[in-house]
Amino acid sequence: IQHAQAYGPLHWRMAAVGATNFAGQIVMWLPLLGMMTGLVSGYTGMLIMDWLIDQDIPFTAVARNAGRVKEMMAQRVVRLESARYEIVEAEHTVESLTAAFRGAKVVCNTVGPFVNFGLTAVEAALKAGCHHIDTTGEQGYMRAVREQFGELYRQAGLLVSPSIAYMYTFAEIAAELALEKERALVTLASI
């Protein structure tokens, strides 16, 4: 039950960009697995892989350390034996990620902290011609994405949508509904 409730908003957002129609064309960027202090768990990425497997959607996991990701997937991803996936190793540079993302339609970025590492993947996804979604809740990063890449993605006919994680999406949807109601009230009051 928790899994289904947690990933309802992810499904809505991915459906909004047509991700569920891009079988085999979803790429996840999991660069910090096994990096830094070794305390990074890759929890969110593993949950997303579970969801993609539940939906029978093939995916590519792009990571700095393919061996470490394969090991973590074997330990944590449910029904991995029924999944259709590949693992691609890439450095955390715009050039390397652009090459890894090329041919995909959607990049689901799980890098963090996003304020330090996220914009590289946003730029690479744009250069590769991909929609970009991520799991951040970091407001400074979300603002930087909008200011630096919002118009460029619009011009390319692509969606860039940070903050799709379930712990942020409900609040974002509620805020948007409140703003829509406020706009409607302002519009009615001005008539």
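This passage describes the overall make-up, the nonpolar cores and one helix pair of a predicted model.

The chain contains seven helices and six strands. Along the sequence, helices and strands follow the pattern α-β-α-β-α-β-α-β-α-β-α-β-α. The chain has 191 residues, and 46% of them count as buried. Of the contacts with a separation of 6 or more, 74% are accounted for by residues 24 or more positions apart.

The largest nonpolar core has 23 residues. The members that touch the most other members are Val62, Leu97, Phe101, Val122, Ala125, Cys130 and Tyr153. Two or more residues of this core are given by each of the helices α4 (94-101), α5 (114-128) and α6 (139-156). The most is given by α5, with seven residues. For Val122, when neighbours within four places in sequence are left aside, the residues in contact are His132, Tyr141, Val145, Phe149, Tyr153 and Val160. Another core lies apart from the largest one and consists of 20 residues, including Val69, Met72, Val77 and Ile164.

Helix α2 covers residues 43-54, and helix α3 covers residues 66-76. In general, a pair of packed helices is described by the angle and the distance between the two axes. Here the axes of α2 and α3 come within 11 Å and cross at roughly 65°. The crossing of these two helices is right-handed. On the side of α2, the contact is made by Met46, Met49 and Asp50, and on the side of α3 by Met72, Met73 and Arg76. Four of the residues in this contact are nonpolar, two are charged and none is polar. Met72 of α3, which takes part in this contact, is also a member of the core of 20 residues.

The length of α2 was checked against the rise of 1.5 Å a residue. The 12 residues of α2 should span 16 Å, and the end C-alpha atoms are 17 Å apart, which agrees with the expected value. Burial was then considered for α2, with buried taken as under 20% relative accessible area. Nine of the 12 residues of α2 are buried, so this helix is largely enclosed by the rest of the structure. The buried residues are Gly45, Met46, Leu47, Ile48, Met49, Asp50, Trp51, Leu52 and Ile53. Met46, Met49 and Asp50, which contact α3, are thus listed among the buried residues of α2. After α2 comes Asp56, which has a positive phi near 55°.

Note on methods. Residues are numbered from 1 along each chain as its sequence is written. This is a predicted model: local features need pLDDT of at least 70, side-chain atom pairs count only at pLDDT 80 or more; totals for chains, interfaces and linings use all residues. Side-chain values use heavy atoms; hydrogens and water are left out. A nonpolar core is a set of buried Ala, Val, Leu, Ile, Met, Phe, Trp, Tyr and Cys residues joined through side-chain atoms within 4.5 Å. Buried means under 20% relative accessible area, exposed over 50%, partly exposed in between (1.4 Å probe, protein chains only). Helices (H or I, at least four residues) and strands (E, at least two) are DSSP runs, numbered from the N terminus. Contact means heavy atoms within 4.5 Å. Axes are lines fitted to C-alpha atoms, for helices over the stretch in contact, and angles run from 0 to 180 degrees between N-to-C directions. A crossing is left-handed if the near helix is turned anticlockwise from the far one by less than a right angle, and right-handed if clockwise. Ala, Val, Leu, Ile, Met, Phe, Trp, Tyr, Cys and Pro count as nonpolar, Asp, Glu, Lys and Arg as charged, and the others, Gly among them, as polar. The expected span of a helix is 1.5 Å times one less than its number of residues.
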